[in-house]
Amino acid sequence: MTTTTEAAPTGAGRRDAGDPRGGRFDSSLGLIMLLLLVVVAQGPVRRALSAPVAQSWMTVFTAVVLQALPFLVLGVLLSALIAVFVPPSFFARALPRRPAVAVPVAGVAGAVLPGCECASVPVAGALVRRGVTPAAALAFLLSAPAINPIVLTATAVAFPRQPQMVFARFVASLVVACAMGWLWQRLGRADWLRPPARPAFQGDGRGAAFWASVRHDVMHAGGFLVVGAMAAATLKAVVPASWLRGAADDPAVSVLALAVLAVLLSICSEADAFVAASLSQFSLTARLAFLVVGPMIDLKLFAMQTGTFGRGFALRFAPATFVLAVVVSTLVGAVLL
Amino acid sequence: MNRKAQAIVLFLVGGAVLRAGSTDLYLRYVKAGLRPLLLAAGVVLMAAAVATVWYERRARVADEGAVDGVGEGTREGSGEVSGEGLRESEGGHGHREPRVSWLLVLPLFALILVAPPALGSYTAMHTGTALQRPWGFPALPAGDPLPLNVADYAGRAVYDHGRSLEHRTVKITGFVALDGHGAPYLVRMALNCCAADAQPVKIGLTGRIPPVLEPDTWLQAIGTYTAKRSKDPVGGGAIPYLEVSRSRPVPAPRDPYDESWNG
């Protein structure tokens, strides 16, 4: 995995971007100007945003960001801990040497990361950089937000009369995660996985490396989180709820409709079970697809995966995950529900 | 975005989250249980900003101390600084990665300058009622009028056919929403995690309704069960009615959402 290791320092790196030199755009100055401008213009800005649609857009946008931020910070802290304090040899010992076996082990290990999908993206990124087989790290990425105890408990609370839903969600999510891991191992090419060049975070003192990793991850993943939140808020404001009514009748269409809805809504995996429970006009299988697809691929996650693993990766990985998740949840739903 | 600017953004975002979490502002957007996590996240972000400035200063001091260039060389050798420089200069050459960090100022503006209100009548009337069959119908406590929340009343009215509500006067608080024909509803948004998953539960008002009702004002309605029922035009869910005998405007509650579903 040569492409996943840190970029070597080059001559171009000599320049400290903190110094404004020779007509280069100074971002601190730009930021301060921007802040001042917005504060001065806050009256017109508020007026422009006073329409009910704009207000509800802003509320949903703020809510998605605010809700995801603590989990993002948790994931970023874990990722920094892995990057700075856990030696690569640890993972070499902890995971089975054969990737085919490491995939399910990593998938099950996803159960220990409490929280939602925002935490798992930076952690999976750190695992790849720490030399974990990408196939195993990807299985972890997909399984962690869906099968941890918090999410499964929420599912049980949301479906009090269908306890089999919890089991079905666990099985389907784990199967999809492992299948994607194995698929990546067979078909994945290392050059698809192109994480943005990032600092090595070593040698400069562990404190400095730790905080540099935290800052870097928050700025990047946070930026992509904002992109995802904007997309989710727009779709929530634009897509009318009546759009769903027609889809509920046909079994095949209903599964696809709820899978697409899970992608568009980008709801946190701790809350999606409650939303699924309220979509009572849909079959249990369709709602299972909603619960399996949502934590694995949605707009917010796609943006964050692009930021962490590169666009070439996200463009291939996301559709494959979606198709596999829909197929597996349909099969598991047919057997268990 | 250079590291100084990143530190400013981190500090401000952390401060905004901390402020939202230490006041009731966060209740407009997320569930109450998220508060400790929000406060912790705010503190971590601010600490990251302070650490960035601190290590940046130390590096600069080390740089200035190394006049003959030897220090410069050792600094290049450290992966942190050189890798960082590489990425930032890539940013200068049209590599798009660091630019996305600029978007972090948007939630900052949203939280500090606009602080949008909790979801209200607009969302409520564009979303179908999310009433679910309750677990059971425990006996209601004594009290006249008896305070009930919107979802509890609606659940008993629709799924228990109002059996437990007969001969009782109930007191329900919610915000007002008007449909296309101006018919009033008393609504409470139920929330599981954040406002993105908030869903309304609606009760239709009939009887002695105040002549002028402004959408989004909070109202305490006192009345009795009526068998009148209607179908929500959005989503087709059942909407029970309340025969209002008197009502009064009340201030918005501390937590605008109904979080009873969180258990």
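Colleague: What makes residues 166–184 of chain A a helical span?

Modeller: In this predicted model, the span is 100% helix and 0% strand. Its end C-alpha atoms lie 27 Å apart. Helices are DSSP runs of H or I, at least four residues long, so the helix label rests on that assignment.

Colleague: Why is residues 166–184 called a transmembrane region?

Modeller: That name comes from UniProt, in an unreviewed entry. The record also lists other spans of chain A, including 28–45 and 313–336. Such annotations may be inferred rather than shown by experiment. Over residues 28–45 the model gives 94% helix and 0% strand, with end C-alpha atoms 23 Å apart.

Colleague: How many helices and strands does chain A have?

Modeller: Chain A has 15 helices and 0 strands.

Colleague: What makes a residue of chain A count as buried?

Modeller: The cut-off is 20 or more other C-beta atoms within 10 Å of its own. Of the 337 residues of chain A, 55% count as buried.

Colleague: Which residues touch the most other members of the largest nonpolar core?

Modeller: Val176(A) and Val293(A), in a core of 191 residues. Helix 3 of chain A, residues 52–85, gives the largest share, 19 residues. Domain 1 (3–114) and domain 2 (121–262) of chain B each supply at least three residues.

Colleague: How do you know that Val293(A) touches Phe322(A)?

Modeller: Contact requires C-beta atoms within 7 Å. Phe322(A) is listed among the residues that Val293(A) touches, so the pair satisfies that cut-off. Ala259(A) and Val326(A) are also among them.

Conventions
Residues are numbered from 1 along each chain as its sequence is written. Chains are lettered from A and ligands numbered from 1 in the order in which they are written. This is a predicted model: local features need pLDDT of at least 70, side-chain atom pairs count only at pLDDT 80 or more; totals for chains, interfaces and linings use all residues. Helices (H or I, at least four residues) and strands (E, at least two) are DSSP runs, numbered from the N terminus. A residue is buried if 20 or more other C-beta atoms lie within 10 Å of its own, exposed if 12 or fewer, and partly exposed in between; C-beta atoms are placed from the backbone. A nonpolar core is a set of buried Ala, Val, Leu, Ile, Met, Phe, Trp, Tyr and Cys residues joined through C-beta atoms within 7 Å. Domain bounds come from an automatic or database domain assignment. Two residues are in contact if their C-beta atoms, placed from the backbone, lie within 7 Å. Lists of a residue's contacts leave out its neighbours within four places in sequence.
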